[in-house]
Amino acid sequence: MKDPLFFHRRDYAAKLINSLKDGITHAFTLFAPRRMGKTEFLIRDIVPLAEQQGFNVFYFSFMDSENPAADFQTALTRFAADIQTGGKAKTLISTISKIDIIGVALERETASAPQYRLSELIGAIAADNRPSLLLLDEVQELARGRDNAQLIKSLRTGLDINKDRIKTIFTGSSTNGLRAMFNDHKAPFFHFAHALDFPLLDRAFTDFLADIYHERTGNSLDHTALYNLFERMKHTPMYMRATIQDMILNPALSLDEAAAARLAQMHENSNHPAQWRDLSAMERLILQEAAKGNTALYSSSTRAALAKKAGIDSLNTSTIQGNIRKLERKELLTKSNGQWAINSPLFQAWILEQTD
Ligand SMILES: Nc1ncnc2c1ncn2[C@@H]1O[C@H](COP(=O)(O)OP(=O)(O)O)[C@@H](O)[C@H]1O
Ligand SMILES: [Mg+2]
């Protein structure tokens, strides 16, 4: 579907695809919080370019599924069959009861979901004369299900064996979830993929939107004011784009009016007040410190300051540690480059707004 307000990142897509094609690496993980544009980037920038470059492309989101492991296998089966039949399987898959995966005929139970072994599926995909690109969106969701450990292991093995023929882009929006899958020593995908922070959209994005607004309405828009708003939105494209959409549909709306409504929506959606209510007093104090950029959460001066705010004589490091653990489990605090920080920039902004 055409989307005139979509800002393409073709250069970035080309960079990733070329690195995969040239064998610089065989897999990437792209990390960014929710609503930063990862899915749209995969579908609108990566898919068309990768197809143009000769890849068979598979997309699957682990977020939208009740039973991600089973749905993933079904989708991958369809993809393997599709490759083998040159695209005809899309319409056939529901009627055929048997597909021939590299010479091995696999019987499929007529009504129930197909149960081909993952390694066979991946082997079949790798055997095609075109390379394949798998786009596995929000992959940390797969690791949440305890029963999925075997599937994750087979996936890793299959992709590892066939890394010359099958390339992968994983995305994730949970730092802790991704770490559990890729960075821990015991993680199934330990050191499997090259990790990248999905780049923030910058001023080119807001300039693009300002120009479209001008084109469509004849009104001009202060480019710097628009960019400043985008910073207040923590570079979240969803709210920025919605603001411009509102203003195109109703040209009488000023930037300030449109922005106020979308900023309010942004805070409402993020559910921050409810999250905050569920925290203990000490958890809140620690988050307030972290929000201010204090990374020395265990230092004696931080402990003294927290104790004073909590109205107690002193605080020992193990109390801090226990609370940090709880905040980590709630995915509110994460460690990056050895330092504790608030996971969501939106939540951080919200906390700072409440504090001052
Ligand atoms: N490059 C872009 N240009 C315009 N709008 C975008 C862009 N990327 C994302 N958006 C907007 O932000 C919303 C959220 O993007 P999405 O890709 O779903 O985020 P994520 O997958 O990171 O959670 C989209 O529905 C779209 O409205
Ligand atoms: Mg997404």
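Biologist: Why is His191 called exposed?

Modeller: His191 has a relative accessible area of 65%. Exposed means over 50%, buried means under 20%, and partly exposed is in between, with a 1.4 Å probe and protein chains only. The value of 65% is over the exposed cut-off, so His191 is exposed. This is a predicted model, in which local features need pLDDT of at least 70 and side-chain atom pairs count only at pLDDT 80 or more, while totals for chains, interfaces and linings use all residues. Residues are numbered from 1 along each chain as its sequence is written, chains are lettered from A and ligands numbered from 1 in the order in which they are written, and side-chain values use heavy atoms, with hydrogens and water left out.

Biologist: Where is His191 found?

Modeller: His191 sits in the loop between α8 and β7 (194-197). Helices (H or I, at least four residues) and strands (E, at least two) are DSSP runs, numbered from the N terminus. By that count the chain has 17 helices and nine strands. From His191 to Met181 the C-alpha distance is 9.6 Å, and they are 10 residues apart in sequence.

Biologist: What makes Ala69 count as buried?

Modeller: Ala69 has 12% relative accessibility, which is under 20%, so Ala69 counts as buried. Ala69 belongs to helix α3. In the whole chain of 356 residues, buried residues make up 47%.

Biologist: Why is Ala70 called partly exposed?

Modeller: Ala70 has 34% relative accessibility, and this falls between the two cut-offs, so Ala70 counts as partly exposed. Helix α3 (residues 68-84) also holds Ala70. Between the C-alpha atoms of Ala70 and Asn18 there are 32 Å, with their positions 52 residues apart in sequence.

Biologist: What makes a set of residues a nonpolar core?

Modeller: A nonpolar core is a set of buried Ala, Val, Leu, Ile, Met, Phe, Trp, Tyr and Cys residues joined through side-chain atoms within 4.5 Å. The largest one here has 32 residues, and among the members that touch the most others are Phe72, Leu76 and Leu136. Helix α3 gives the largest share of this core, six residues. In soluble globular proteins, nonpolar side chains tend to be buried together.

Biologist: How do you know which residues are around ligand 1?

Modeller: A residue is near a molecule or strand if one of its heavy atoms lies within 4 Å of it. There are 15 residues around ligand 1, and Phe7, Arg35, Lys38, Thr39 and Glu40 come nearest. The shell divides into eight nonpolar, two polar and five charged residues. Here Ala, Val, Leu, Ile, Met, Phe, Trp, Tyr, Cys and Pro count as nonpolar, Asp, Glu, Lys and Arg as charged, and the others, Gly among them, as polar.

Biologist: What makes the pair between Arg35 and ligand 1 a polar contact?

Modeller: A polar contact is a pair of N or O atoms within 3.5 Å; within protein, one must be able to donate a hydrogen and the other to accept it, and residues adjacent in sequence count only if both atoms are side-chain atoms. A backbone N or O atom of Arg35 lies 2.6 Å from an oxygen atom of ligand 1, so the pair meets the distance limit. A polar backbone atom of Gly37 is 3.0 Å from an oxygen atom of ligand 1, and for Met238 the corresponding distance is 3.3 Å. The protein covers 87% of the 560 Å² of accessible area that ligand 1 has on its own, with areas from the Shrake-Rupley method with a 1.4 Å probe; for residues, only the protein chains shown count as cover.

Biologist: How do you know that ligand 1 lies between domain 1 and domain 2?

Modeller: Domain 1 (10-197) and domain 2 (203-269) both give residues to the shell, so ligand 1 lies between them. The domain bounds come from an automatic or database domain assignment.

Biologist: Why is Arg35 called partly exposed?

Modeller: Arg35 has 35% relative accessibility, between the cut-offs, so Arg35 counts as partly exposed. Arg35 lies in the loop between β1 and α2. Its phi is near 70°, a positive value in a residue other than glycine.
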